[in-house]
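The following questions and answers concern a predicted model. Each answer sets a computed value against the criterion that applies to it.

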Number of protein chains: 2
Amino acid sequence: MPKDRSPTRIQKRNRANILEAALEVFSQNGFRGATVDQVATAAGLSKPNLLYYFPSKEAIFTALLSELLDTWLDPLREIDPTGDPMEEILAYVQRKLQMSQDMPRESRLFANEIVQGAPRMIDTLSTDLRALVDDTETVFLGWMDAGRIARVHPRHLLFSIWSLTQHYADFEVQVRTLMTPEDPFDGAAVFLETLYRRMLAPQS
Amino acid sequence: MPKDRSPTRIQKRNRANILEAALEVFSQNGFRGATVDQVATAAGLSKPNLLYYFPSKEAIFTALLSELLDTWLDPLREIDPTGDPMEEILAYVQRKLQMSQDMPRESRLFANEIVQGAPRMIDTLSTDLRALVDDTETVFLGWMDAGRIARVHPRHLLFSIWSLTQHYADFEVQVRTLMTPEDPFDGAAVFLETLYRRMLAPQS
DNA sequence: CCGACATTTGACCAACTGGTCAAACTCACG
DNA sequence: CGTGAGTTTGACCAGTTGGTCAAATGTCGG
């Protein structure tokens, strides 16, 4: 394992290559389904060489998870409590959908982990994510109290956005199989905008 | 492997035990994450004994998948094209939600498989499921043409139902972590009814 | 209670996998 | 250049895993 001085040129390059390779391999096969050798090969390294940079398979995986989680939650943090409620939510939906399209591997990595009980994420979920969700709930409730969007259960609203947008990445094989030759993402953008406009339109 | 005469009492019992055990184990750990020994133990058998009933791990898994797929798609087949459109769709949503609550292992089994590219289901998806989805699309389009529900993309409508309902099973850990002490399924039933009522209400 | 067939098991194997280690090699820098 | 730290590798190991097999045991109709 490299000393923890300032990383050399080679260290930076290899660490980046490894994490990119790990994303590719882990998102396709899950943690147990992937082998260290696969990651090493995908990163252009030998197995012992890979293990010179990370002490274990587990370490690669957790490093990957924690590096990606921030990026993954960015769209949520971008919601502006002072903006127009409907437009803020619609914009959030589109950002999430765009992420599913551009970063399907990241989406599947998390999906894989959570479906299997999120053994390595449960702590983060119940602290950091929980706090972020609490904040968002407050914002949503404020908007509903002001009558600017319809009153629905704020957490289920948030879950519905995650569910609907990530579905197009996580279940891409199924979606594509059942939609060919049409492109799923084009229709999804329109569909989701309609859905949330109608559900959240202030009730007269 | 037992001869393919009519199965004996013991064969029936053991096959059933094995498939139940396989559902438990595979849905928790995925195909590669599960071991034959785990399945055998969960079924109350020794490993060689298990392999007397199924020729391989792969065979157990595919047997399980094909046995469950029918059950899994039953709620879709129950949609009555001659019924009231809004009520039919709402009832379908509630059936699917109920299945997520009662059969989360089945949901996760499929989720696991599809997230990883559905290598063992792609054929079924592109033939049987495709046909069923085509039929459903026709029914939805008929209802929309008659002006009885709002016009939206019928396939995305179907995907949205799958996505929203199965989310509560597949991502249960996350949902529960972020909702405790509230029970997710109670709120979900209300939320989803509201959502689809508003989205599908005929536009004046 | 016998014989044939069904079921179960312990011992075993080969392939795979995560990880180690000492030796070899490469690179930056004086 | 040369030297010491950083990097890479081949050989190796122990544990796990899917699967086999012959022998032992159980079951059931006659």
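Q: How many residues of domain 1 of chain A are in contact with domain 2 of chain A?
A: Seven residues of domain 1 of chain A are in contact with seven residues of domain 2 of chain A. The area buried between these domains is about 630 Å², with 58% of that area from carbon and sulfur atoms. On the side of domain 1, Leu23(A), Ser27(A) and Phe31(A) lose the most area, together 71% of what that side buries.

Q: What makes the pairing of Glu24(A) and Arg105(A) a salt bridge?
A: The N to O distance between the side chains of Glu24(A) and Arg105(A) is 2.7 Å. The cut-off is 4 Å between a side-chain nitrogen of Lys or Arg and a carboxyl oxygen of Asp or Glu, so the pair qualifies. Across the interface of domain 1 and domain 2 of chain A, the rule finds two salt bridges.

Q: Why is the approach of Tyr53(A) to DNA strand D called a polar contact?
A: An N or O atom in the side chain of Tyr53(A) is 2.8 Å from a phosphate oxygen of DNA strand D. The limit for a pair of N or O atoms is 3.5 Å, and therefore this pair counts. For Tyr52(A), a polar side-chain atom lies 3.2 Å from a phosphate oxygen of DNA strand D.

Q: Which part of DNA strand D does Lys47(B) approach?
A: A polar side-chain atom of Lys47(B) lies 2.8 Å from a base nitrogen of the strand.

Methods. Residues are numbered from 1 along each chain as its sequence is written. Chains are lettered from A and ligands numbered from 1 in the order in which they are written. This is a predicted model: local features need pLDDT of at least 70, side-chain atom pairs count only at pLDDT 80 or more; totals for chains, interfaces and linings use all residues. Side-chain values use heavy atoms; hydrogens and water are left out. A polar contact is a pair of N or O atoms within 3.5 Å; within protein, one must be able to donate a hydrogen and the other to accept it, and residues adjacent in sequence count only if both atoms are side-chain atoms. Contact means heavy atoms within 4.5 Å. Buried area is the accessible area (1.4 Å probe) that two parts lose on being put together, summed over both.
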